[in-house]
Amino acid sequence: MFAPAHFEDESHAQLRQQARRFAETRIAPHASEWEEAGIFPRELYVEAAEAGLLGVSFPESMGGQGGDLSHQLAVTEELILHGHSVGTVVGLGTHGIGLPPLVAYGTDAQRERFVAPVLRGEKIACLAISEPGAGSDVARIRTTAKRDGDHYVVDGAKTFISSGTRADVITTAVRTGGPGHEGVSLLVIEGGTPGLTVSKSLKKMGWWASDTAELSFEGVRVPAENLIGIENAGFVPIMQNFVSERLGLVAHCVAIAQLALQASQRYVKEREAFGKPLVGFQVTRHKLAEMATRIAAARALMHDCLQRHLAGSPNPVMAAMAKNVATDACSFVCDHAVQLHGGYGYIRETLVERLYRDARLYPIGGGTREIMNELISKSL
Ligand SMILES: Cc1cc2nc3c(=O)[nH]c(=O)nc-3n(C[C@H](O)[C@H](O)[C@H](O)COP(=O)(O)OP(=O)(O)OC[C@H]3O[C@@H](n4cnc5c(N)ncnc54)[C@H](O)[C@@H]3O)c2cc1C
């Protein structure tokens, strides 16, 4: 278990308890079933909202629970640590990347229409930026939105969209202007709009319980009032969103690694070889020590970034560093956890097998390791 960060107070402790209870009762008993099925029941969104978890860090005036990013990350940690299904936590959390542009730049009418029902668990939100031909290079997206009277007509495709197979509120990056980042806007496209289809539900290495979609847009008519903020000014909200998304992914890495460490600690006490438990070998104990050290380092960097964020000066470079450090820690710990479990570590019903697969996403999603290094190197 984690010691709370030094800046956490009673509000965090209470939320951690709520999240733990929800994860233990509503996620953990079904974790393997949902991971194997590649989806979890839609009702879980409503249940998470009723448990006071979905609206954490969103303003109360918009139907949220209040609090800030530190509360949201505390909930994430507990859901992963006690729910044992990273895919479910990913799917439940896509509003965390889909809604912030609406919160920051949306109109009251947009917030009422799109934000509030998502925070009640009645609708699912996601963020659609990546395209088959443009992932890291966001400024090159090609999906167009052309103005036609009081509508935009959207044509193009998106891929790798988490929660995309059943999302109702799709915060979509579109090209409304010329080439480059200056021609990019954000538009809310509602699930079920004619011309929008899920062209493929993607099968993945990990995060199985989270659905991932390829979306196709053919002459999709979207009311112009669904534009978020100003036309051709969508790049800034996209970049701002990345900082908190990356810190969220850092929290994932830290929690996954901690879960893998805990499972390993238990296993090496039970499993015997050569007449003694595995923990009796110094090499085993040193492995555990290295695992714990890397988690502590990643968590310390996460807390540093969080404090900057809460102080009103989020630092994209530090967040990029934290993402790479946490990603490495998570990969290292999960790899060692599988090794400590021996053959059982390679078998599907063993938790660390799943965590090892889940861990592989983090150097790719939310900005790759190389793109983080680009960001960091430019600051040097
Ligand atoms: C499971 C999953 C869920 C996802 N969820 C979402 C989502 O909900 N919404 C969404 O919009 N996107 C989502 N993504 C997309 C994700 O953000 C992209 O995969 C990621 O940004 C990388 O883009 P790409 O896959 O196109 O890789 P590319 O950009 O094609 O990169 C391929 C390789 O080239 C490297 N590379 C690229 N540019 C450079 C450079 N300048 N210097 C050095 N190396 C470089 C990359 O680091 C990488 O190693 C998801 C992806 C996955 C796998």
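Which residues line the second largest pocket? That is where this set of close-ups of a predicted model begins.

**Figure 1. A look into the second largest pocket, with a volume of about 220 Å³.** Its lining is made up of E35, E36, A37, G38, S201, L202, K203, K204, W208, S210, D211 and T212. Sort these residues by class and you get 3 nonpolar, 4 polar and 5 charged. Helix α2 (residues 31-37) gives the largest share of the lining, 3 residues. Domain 1 (10-93) and domain 2 (125-232) each put at least three residues into this lining.

**Figure 2. The largest cavity, with about 40 Å³ of space inside.** The structure has 1 cavity of 30 Å³ or more. To find the lining, look for F7, E8, R16, S70, L73, A74, E77, R299, M302, H303 and L306. By class, that lining holds 5 nonpolar, 2 polar and 4 charged residues. Two helices to pick out here are α4 and α10 (282-310), each of which supplies at least two lining residues. Domain 1 (10-93) and domain 3 (236-378) each contribute at least three residues to the lining of the largest cavity.

**Figure 3. Helix α4 up close, with E78 in the middle of the view.** Helix α4 covers residues 69-83, and E78 is one of them. Is E78 buried or exposed? E78 has a relative accessible area of 5%, so it counts as buried. Setting aside residues up to four places away in sequence, E78 touches R16, A19, R20, A23 and G83. You may recognise R16 from the previous figure, where it is among the residues lining the largest cavity.

**Figure 4. How the chain divides into domains, and where two of them meet.** The domain assignment gives domain 1 (10-93), domain 2 (125-232) and domain 3 (236-378). How far apart are the C-alpha centres of domain 2 and domain 3? They lie 30 Å apart. Zoom in on where these two domains touch: 11 residues of domain 2 are in contact with 13 residues of domain 3.

**Figure 5. Strand β7 and its partners β3 and β6.** Strand β3 (residues 151-162) runs antiparallel to β7, and 9 bridges join the two. For one of these pairings, find H151, whose bridge partner in β7 is P223. Strand β6 also runs antiparallel to β7, this time with 5 bridges. Here, L196 stands opposite F217 of β7.

**Figure 6. L186, a buried residue in strand β5.** Strand β5 spans residues 184-190, with L186 among them. The relative accessible area of L186 is 1%, which is why it counts as buried. What does L186 touch, not counting residues up to four places away in sequence? The contacts are P101, T171, T172, A173, N226, L227, I228, G234, P237 and I238. For a sense of scale, the C-alpha atoms of L186 and R175 are 8.7 Å apart, and these two residues are 11 residues apart along the chain.

**Figure 7. H95 in helix α6 and the residues around it.** Helix α6 takes in residues 95-98, and that is where you'll find H95. With a relative accessibility of 9%, H95 counts as buried. Skip its neighbours within four places in sequence, and H95 is in contact with L54, F58, P100, V118, L119 and A125.

**Figure 8. Two loop residues with positive phi, W207 and F274.** Most residues other than glycine have a negative phi. W207 has a phi near 50 degrees, a positive value, and it isn't a glycine. F274 isn't a glycine either, and its phi is positive at about 50 degrees. Where do they sit? W207 is in the loop between β6 (196-201) and β7 (212-223). F274 is in the loop between β9 (272-273) and β10 (276-277). Now check each one's surroundings: W207 is buried, because its relative accessibility is 11% and the cut-off for buried is under 20%. F274 has a relative accessible area of 83%, so it counts as exposed.

Methods. Residues are numbered from 1 along each chain as its sequence is written. This is a predicted model: local features need pLDDT of at least 70, side-chain atom pairs count only at pLDDT 80 or more; totals for chains, interfaces and linings use all residues. Side-chain values use heavy atoms; hydrogens and water are left out. On a 1 Å grid over the protein atoms alone, a cavity is a set of points where a 1.4 Å probe fits but cannot get out, and a pocket is an open set with protein on both sides within 12 Å along at least five of seven lines; lining residues have an atom within 4 Å of a point. Grid points are joined across faces, edges and corners, and a volume is the space filled by probe spheres set on the points. Helices (H or I, at least four residues) and strands (E, at least two) are DSSP runs, numbered from the N terminus. Ala, Val, Leu, Ile, Met, Phe, Trp, Tyr, Cys and Pro count as nonpolar, Asp, Glu, Lys and Arg as charged, and the others, Gly among them, as polar. Domain bounds come from an automatic or database domain assignment. Buried means under 20% relative accessible area, exposed over 50%, partly exposed in between (1.4 Å probe, protein chains only). Contact means heavy atoms within 4.5 Å. Two strands pair if DSSP finds at least two bridges between them.
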